[in-house]
Amino acid sequence: MRVVSLLPSATEILFAIGAGPEVVGITHECDYPPQAQGLARLTSSALPAIAESAEIDRHVRRSLHAGSSLYHLDTDLLERLHPDVIITQELCAVCAVSYEIVDRAARALTGDPRVISLEPSTLADVYANIMTVGELTGRQTGAAALVEGLRQREAAVLSRVASRPRPRVLLLEWTDPPMSAGHWTPGLIQAAGGDPVLAHAESNSQRLTDEDIFAADPDVIVLAPCGFDLARTREAASQLLRQPGWNELRAVACGALACVDGNAYVNRPGPRLLDTMEIFAQIFHG
């Protein structure tokens, strides 16, 4: 079997269940695990290189409003790779190449690859996706073992925080403008012993106002901008704290503002979401 993964989380799943040898192509954003780094890359960003969060947001919104894709897909390379399976997503036009583009490209191929879309909105959905990818690649045993190990880690976190006080937690998936925690992230916050505020569980992240945030005045703030590593997140935090009112928030005044590598953990619905849950529990409870 020849598998193309057009989703970083799917790449992580494939390698985690032992299907790495079947993967022949990935995206430019597939940076984990290290074993995937030598594979052919089928996508590239259509956005200019921008550092500022606000400017990135403006470019993204302008592109989406115009109906333009945020990604380029190398259809000639896709043809040469002769995939049997292409794994993609319909969840977010910002996070990965859109399903429509992938489906159109697949129908134009000489072969007849199967296009699979992964649509997780909860951690349970991620477990189900792992089993689906296992069935697709004949790695059911590896998938089942992975899910069992992840469930055991989840149970350990739940047990650890069960009797602890639950801080009110605001997680921002973007900082300028502020964007709420969506999809699986509020559930991870709850599992880690926190109460998510201004969150949108099992749905898209939503824009928040400073007034919303100041009124909520959470106990803990976690910054995990989508696509940002830890260094860029810390820079986004410094910019955020230069804005009026932010330093008066309870979480900031008490030193309970944390930066997390959103690209590696929070925004990528794969096996490392259990790392995320453990990170959250450490932030909330020490």
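Start your tour at the second largest pocket: 14 residues line it, and Thr122, Leu123, Trp184, Gly187 and Leu188 lie nearest its centre. Select those five and centre the view on them. Keep in mind as you go that this is a predicted model.

**Stop 1: the pocket**

With the pocket in view, ask which elements give two or more residues to its lining. They are helix H5 (123-137) and helix H7 (185-191), so colour each helix in its own shade. H7 provides the largest share of the lining, four residues. The pocket has a volume of about 150 Å³. Now colour the lining by residue type: eight residues are nonpolar, four are polar and two are charged.

**Stop 2: alanine 201 and histidine 183**

Next, select alanine 201, which you will find in strand E13 (residues 200-201). Is alanine 201 buried or partly exposed? With a relative accessible area of 47%, alanine 201 is partly exposed. Leave aside its neighbours within four places in sequence, and alanine 201 is in contact with His183 and Pro186. Then try a distance label from alanine 201 to threonine 122, a residue you have already met among those nearest the pocket centre. These two residues are 79 apart along the chain, and 8.2 Å separates their C-alpha atoms.

Move on to one of those contacts, histidine 183, in strand E11 (residues 182-183). Histidine 183 is buried, because its relative accessible area of 13% is under the 20% cut-off. Its backbone deserves a look too: phi is positive, about 50°, although histidine 183 is not a glycine. Why point that out? Most residues other than glycine have a negative phi.

**Stop 3: another positive phi and two cis bonds**

Select aspartate 217, in the loop between helix H8 (210-216) and E14. Aspartate 217 is not a glycine, yet its phi is positive as well, at about 40°.

Stay with the backbone, and turn to peptide bonds. Most of them are trans. Zoom in on tyrosine 32 and proline 33, however, and you will see a cis peptide bond joining them, with omega about 0°. Proline 33 sits in the loop between strand E2 (23-26) and strand E3 (40-41).

Where is the next cis bond to visit? Go to the peptide bond from aspartate 176 to proline 177, where omega is near 5°. Proline 177 has its place in the loop between strand E9 (174-175) and strand E10 (178-179).

**Stop 4: an open sheet**

Switch to a cartoon view and select strands E12, E8, E14 and E15. In that order they form an open sheet of four strands with parallel pairing. Which strands are at the edges? Strand E12 (195-196) and strand E15 (257-259) are, each pairing on one side only.

Now look at the middle of the sheet, where strand E8 (residues 168-172) and strand E14 (residues 220-223) run parallel and are joined by four bridges. To see one of the partnerships, select leucine 171: its bridge partner in E14 is valine 222.

**Stop 5: the nonpolar core**

Keep leucine 171 and valine 222 on screen and add phenylalanine 280. Not counting residues up to four places away in sequence, phenylalanine 280 touches Leu171, Thr185, Leu188, Ile189, Ala192, Val222 and Val266. The list includes Leu171 and Val222, the bridge partners from the sheet. It also includes Leu188, which you met at the pocket.

Which residues touch the most other members of the largest nonpolar core? They are Ile130 and Phe280, out of 61 residues in that core. Apart from it lies another core, of 17 residues, and you can find it by selecting Val24, Tyr71, Leu81 and Ile101, which are among its members.

**Stop 6: a cavity**

Select Leu7, Ser9, Ile13, Leu118, Pro120, Asn129 and Pro269, the residues that line the largest cavity. Its volume is about 30 Å³. The lining divides into five nonpolar residues, two polar and no charged.

**Last stop: the whole protein**

Zoom out to see 12 helices and 15 strands. How many of the 286 residues count as buried? The share is 50%. Finally, consider the contacts between residues at least 6 apart in sequence: 68% of them join residues at least 24 apart.

Notes
Residues numbered from 1 in each chain as written. Predicted model: local features only at pLDDT ≥ 70, side-chain atom pairs only at ≥ 80, totals over all residues. Heavy atoms only, no water. 1 Å grid on protein atoms, 1.4 Å probe; cavity = no way out; pocket = protein on both sides within 12 Å on 5 of 7 lines; lining within 4 Å. Points joined across faces, edges and corners; volume = space filled by probe spheres on them. Nonpolar A, V, L, I, M, F, W, Y, C, P; charged D, E, K, R; others polar. Core = buried A, V, L, I, M, F, W, Y, C linked by side-chain atoms within 4.5 Å. Buried < 20%, exposed > 50% of the residue type's maximum accessible area, 1.4 Å probe, protein only. Contact = heavy atoms within 4.5 Å. Pairing = 2+ DSSP bridges.
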